[in-house]
Amino acid sequence: MKTIFKTLLITLFATLISINGFANTGTDEVRELTIKGTDNLKFSETLIEASPGETIRLTFEVVSNMPKTAMGHNIAIVDKDADVQNFVMQSMSAEDNEYIAPALEDQVVAFTKMIGGGETSVIEFTVPDEPGDYVYVCTFPGHYFAGMKGILRVK
């Protein structure tokens, strides 16, 4: 009887661990974030705190009544050691590449496509392993300089 009871307890405990996810190492968890870009040239979130190696699924939405050619937005998360101003200046003329300078793509952690009012772009990326502040920007001409930027803080 003791052996049957012990086996039942072990099975019950293993089932509870499995159901509650305690056996999960966390490596397959994805954090969902939503950021909006608007006509006032600001992101709805300007600080994202994340852990090294974390997976983030970012939904980017543009809230605008203007056409994409006049008020398009994207998000480009730039490497922490990159010259952000230079990256933005070169990217503003890269319309055929989602406004991401092809020569500087190696400085990008992740980016959304350029979208207009009512559109959504979803990306999934792994947060860099190195702690620090990674600036994210809109590379549509003039938007970064008007204040459309934020920080992905890895700690």
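**Strand pairing and side-chain orientation**

In strand β8, which spans residues 149–154, the side chains alternate between two faces: Gly 150, Leu 152 and Val 154 are directed to one face and are buried, whereas Lys 149, Ile 151 and Arg 153 are directed to the other and are not buried. The model examined here is a predicted one.

Strand β8 is paired with strand β2 (residues 47–50) through four bridges, the two strands running parallel, and within β8 it is Leu 152 that stands opposite Ile 48; Leu 152 is also among the buried residues of the alternating pattern. Strand β7 (residues 132–137) is joined to β8 by six bridges, in this case with an antiparallel course, and here Asp 133 stands opposite Arg 153 of β8, a residue whose side chain belongs to the face of β8 that is not buried. Strands of a sheet pair through backbone hydrogen bonds, in either a parallel or an antiparallel arrangement.

A further set of pairings concerns strands β1, β3 and β6, three strands that form an open sheet in the order β1-β3-β6 with mixed pairing. The edge positions are taken by β1 (30–38) and β6 (120–126), each of which pairs on one side only, and neighbouring strands of this sheet are turned against each other by 20° on average when direction is ignored. Between β1 and strand β3 (residues 55–63), which run parallel, there are nine bridges, and Val 30 has Thr 55 as its bridge partner in β3.

Notes
Residues numbered from 1 in each chain as written. Predicted model: local features only at pLDDT ≥ 70, side-chain atom pairs only at ≥ 80, totals over all residues. Heavy atoms only, no water. Buried < 20%, exposed > 50% of the residue type's maximum accessible area, 1.4 Å probe, protein only. Pairing = 2+ DSSP bridges. Axes fitted to C-alpha atoms, helices over the stretch in contact; angles between N-to-C directions.
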